[in-house]
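Dear colleague,

I am handing over the structure below, and after it I set out what was found when it was examined. Please read the notes with the structure open beside them.

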Amino acid sequence: MDAKGDRGTFAVVVIADYDDPNLNLNSAGKHAELVGAVFRDLGFGEDCRSGSSSSREIQDWLTDWNPSSRRLLLYWNGHAQSDGDDIALFCGDYRSDKPFAKVSGRQLGQVLADREAVEIVVIVDSCKSGVGVDAITAAFKKSVQDRAFAVGYEPGLAVLSSARAGELAREGVFATALEHILREGPPSPTETYSGWTARDELITPNDLYDALRVHLHSSGAHQQPDFGQVRSVGGFFPFFKNSRHRPSRPDVIVEALRHRAFADSDLIEHFMVKFRGIDTLTADGWYYAPRPGPQDRITDWLKDGHGMLVVTGPPGSGKSALLGWLAAMSSPDYRQHAAKILSDINSSELPPENAISAGIHAKQRTLQECVTFLGEALELAPPGIGWEEPGPLVEQVAQLASRNQSTITILLDALDEAYPADQNRIAVDLLAALAARPRVRVIVGTRPNREDPRRRENPSPPSDGPWTADGPLIRALTSDSNRVVRLDTDPGSSYAIATYTINRLLDANSESPYRTQPELAEVTASKIAEHSNGIFLFARLLARTLVNRCDTIDLKSSDTIALFNGGVAEAFDSDINSYGPDRQRVYDVLAPLAWAEGSGLPRRDIWLTVANALVRAGIRYSEQDIAWVLEHAGAHIVESGEDGQTVYRLYHQAFNDYFQRNVDHVEVQSRITRSLLELVHHR
């Protein structure tokens, strides 16, 4: 019977009873039921095997087993032993005087190669099963390598064993671990391991192997799994559903995620339905320092303003932090959660509850994506062809506001970081068009000048400074200067930055050397604010560097003076240098993220491939290096999700600028392109 599920078909072969009673496995059936139950829950239909466990019946069943399913999953549990460079899987009638009652690994590989399935996973739970990994995959590869397959139907096989060659497999240990990992998720990340996340819709066989390897080692098991894979096209084929998949997880700084420094997951996921990509209250969020001038102006506009409001400032001036704070504080649930953590919230300084209806962070987003996300956040019914143009959305939003006799406020941050070809249309056809409708308001965060003056052919800045001039995006949004809030001219920015820095230096939950020296912390914070030029990112970097030091910094040293007199790039460079002997590793592994498109680079395959393409000859990095950087430099990395997988990007556009400066952009893009083409070719 072919009981195909939505993910494919599985079969369980359990040989618990033997003609030789000394070989009987008393709990194998019970553990196989655990494994079968989790396979069913993950969407695989069971093709139940009937009959005895004799070698003849097992051989006949294998020959006939050919479900019409794209994915096949086979779990084999029983005794086995090495047979040279192959494995002998014992059948029920195996005895010392009947040694041929077995199935060899090569035979199993050949049989599976004749199946119609495109993706096959075999899990062998037996002693010394690691030797079978190579035997099964080699036989499979030999059988399919000279065949012709239609595009997309090239077969792949992954084999996972419960023990390495020569190791004993304790009864039930592997099955229990397998069931636990598939239901509860991977072990916590470490500096050598980084598993899948709640953003990954599917798990690859290789992901599962890595998780089992770490889990069994940490639990003290005296066996380690082994793994092998054959794939004509595509190295990491997603196979198992992630039982912990949460697609609405917010973008979050990796360091905050590792330290659990974020709000209740249900709360932030609800927030993310309305505010896709907008900054949430992670570690930096709870350090937020009020900015009375611009904050009061925006709050007043949210109470009774209309039309368009633009919040602008140079990179790192705190646009996203300010807008994210206001969005969070307009959410009643978020405001209540914040009140439990922060003791100094003044409700009179907060925006009205539900003042912001929906929002989106536009980094690398196309016009269609912006329209789609806003439509989903407002729960509007898309046209029959989907949200392809902004016109239908603008009409529906206007109708909703009129029908409910209420004001709808849309927030869009990082307009200047949206997909370049769509930035002007997002500004004119979506945002300005919405703001022109009755009862519809729009608040936009963007740099004042879309063009980075450091990349101009004529690098000399305009007379009023490089970041204060209104660029084409602000002019497309509004011609009224009274509708533009400039953070770079905020006289209270220095005080806000000093307050933020003091909070970081005195954080009781950190190992900061300033925790017991509040006066020195205040002086240091004032010095940082004095040299910040209103750039919060500068203070964030220096505060992080100082908190992670073993001792306080000498404010009068020439190195400190040079650092404080520098800018964001110099502060970021100082942070990178603080990793000492690991400085180059941190730099090389972070650099690929500066070239990421969309929400970031996928954890699987791509990030590592690009990293090795950009380093100098003789250097090669591994998945363990990426895990190490995520663990130790996670403050500079944002974890996000895209197309059902986890992706990573740098925390700030200024960090992208740091890695993209003084390099040949054409050469870098060529290296990236060649490496990705080679990756596909060798899969």
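To begin with a pair of helices, α14 passes α15 in a right-handed crossing. Please keep in mind throughout that this is a predicted model. Helix α14 covers residues 390–404 and helix α15 covers residues 423–435, and their axes come within 9 Å of each other and cross at roughly 15°. Because angles under 35 degrees count as roughly parallel, α14 is described as roughly parallel to α15. On the α14 side the contact is made by P390, L393, V394 and V397, while α15 contributes R425, D429, L430, A433 and L434. Sorted by character, the residues of this contact comprise seven nonpolar and two charged ones, with no polar residue among them.

A second helix to look at is α21, which runs over residues 568–577 and in which V568, A571, F572, S574, D575 and I576 are buried. The elements that cover these buried residues include α19 (536–547), α20 (558–564), α22 (583–590) and α25 (653–660).

As for the cysteines, how many disulfides does the model contain? The count comes to zero disulfides, a disulfide being taken as a pair of cysteine sulfur atoms within 2.5 Å. Two cysteines may be worth locating on your display: C370 counts as buried because its relative accessibility is 0%, whereas C550, at 80% relative accessibility, counts as exposed.

Several loop residues complete the picture. Most residues other than glycine have a negative phi. N354, however, which is not a glycine, has a positive phi of about 60°, and N662, likewise a residue other than glycine, has a positive phi near 55°. N354 lies in the loop between α12 (332–341) and β15 (358–361), and with 47% relative accessibility it counts as partly exposed. N662 is placed in the loop between α25 and α26 (665–682), and since its relative accessibility is 78%, N662 counts as exposed. The helix α25 that precedes this loop is also one of those covering the buried residues of α21.

Finally, S68 is found in the loop between α2 (55–64) and β3 (71–77), where its relative accessibility of 47% makes S68 count as partly exposed. Although S68 and R115 are 47 residues apart along the chain, their C-alpha atoms are separated by 8.7 Å.

With kind regards

Key. Residues are numbered from 1 along each chain as its sequence is written. This is a predicted model: local features need pLDDT of at least 70, side-chain atom pairs count only at pLDDT 80 or more; totals for chains, interfaces and linings use all residues. Side-chain values use heavy atoms; hydrogens and water are left out. Buried means under 20% relative accessible area, exposed over 50%, partly exposed in between (1.4 Å probe, protein chains only). Axes are lines fitted to C-alpha atoms, for helices over the stretch in contact, and angles run from 0 to 180 degrees between N-to-C directions. Helices (H or I, at least four residues) and strands (E, at least two) are DSSP runs, numbered from the N terminus. Angles under 35 degrees count as roughly parallel, over 145 as roughly antiparallel, 65 to 115 as roughly perpendicular and the rest as oblique. A crossing is left-handed if the near helix is turned anticlockwise from the far one by less than a right angle, and right-handed if clockwise. Contact means heavy atoms within 4.5 Å. Ala, Val, Leu, Ile, Met, Phe, Trp, Tyr, Cys and Pro count as nonpolar, Asp, Glu, Lys and Arg as charged, and the others, Gly among them, as polar.
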